[in-house]
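Please look over the chain below with me. I would like to go through its charged pairs and its surface.

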Amino acid sequence: NGYLRLKAAIRFVQTRRRATVACRRQRSEYLRLKATAGCVQARRRAIVACRRQHARHLRLKAAAIKLQTQWRGVMARQQLQHLRETARRLHETAMAVKVQSWWRASWCRMIFNYET
């Protein structure tokens, strides 16, 4: 009878010890998995933040290119207007020279014909 009680007590202690060891093993496994999950989540958040930042960079770059393109267009139109005005002035000057030379030639012919 005492042997059976001792055997039952030993079995009880062993069962409790095995349960405690298993519980500690499960707890350490849980903590390891929890830490791993935290690392995975942090990495995922970093990737998402990086993608957002990259998308923002691309939007800003596109906006800058658009502004630069528009500004270059404004400058090109101003330069074209300036060239047109310069060409018009040169044309007007050339026409004035032609009119003046025609007038002088006419005047000279008229004076030459008058003298002869």
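The questions below deal with salt bridges, accessibility and a surface patch.

Student: What kind of model is this, and how are its residues numbered?
Tutor: Residues are numbered from 1 along each chain as its sequence is written, and side-chain values use heavy atoms, with hydrogens and water left out. Local features need pLDDT of at least 70, side-chain atom pairs count only at pLDDT 80 or more, totals for chains, interfaces and linings use all residues, and the model is predicted.

Student: How many salt bridges are there?
Tutor: A salt bridge here is a side-chain nitrogen of Lys or Arg within 4 Å of a carboxyl oxygen of Asp or Glu. By this rule the count is three.

Student: Which residue meets Glu 29 in a salt bridge?
Tutor: The partner lies in helix α1 with Glu 29, three residues apart, about one turn of the helix; helices are DSSP runs (H or I, at least four residues), numbered from the N terminus. The N to O distance is 2.7 Å, and the partner is Arg 32.

Student: Is Glu 29 buried or exposed, or in between?
Tutor: Buried means under 20% relative accessible area, exposed over 50%, and partly exposed in between (1.4 Å probe, protein chains only). Glu 29 has 35% relative accessibility, so Glu 29 counts as partly exposed.

Student: What is the N to O distance between Glu 85 and Arg 89?
Tutor: Both residues lie in helix α1, four residues apart, about one turn of the helix. Glu 85 has a relative accessible area of 30% and is therefore partly exposed; Arg 89, at 41%, is partly exposed. Their side chains meet in a salt bridge with an N to O distance of 3.8 Å.

Student: What is the N to O distance between Glu 92 and Arg 88?
Tutor: Helix α1 holds both residues, four residues apart, about one turn of the helix. Glu 92 is partly exposed at 42%, and Arg 88 is partly exposed at 44%. The salt bridge between their side chains has an N to O distance of 2.9 Å.

Student: What accessible area does the nonpolar patch on the surface have?
Tutor: Patches are made of residues with over 30% relative accessible area and no salt bridge, where like charges are joined within 9 Å and nonpolar side chains (Val, Leu, Ile, Met, Phe, Trp, Tyr) within 5 Å. Accessible areas come from the Shrake-Rupley method with a 1.4 Å probe, and for residues only the protein chains shown count as cover. Ile 111, found in helix α1 (residues 2-115), is partly exposed at 33% relative accessibility. Together, Trp 102, Trp 103, Trp 107, Met 110 and Ile 111 have about 590 Å².

Technical notes:
Helices (H or I, at least four residues) and strands (E, at least two) are DSSP runs, numbered from the N terminus.
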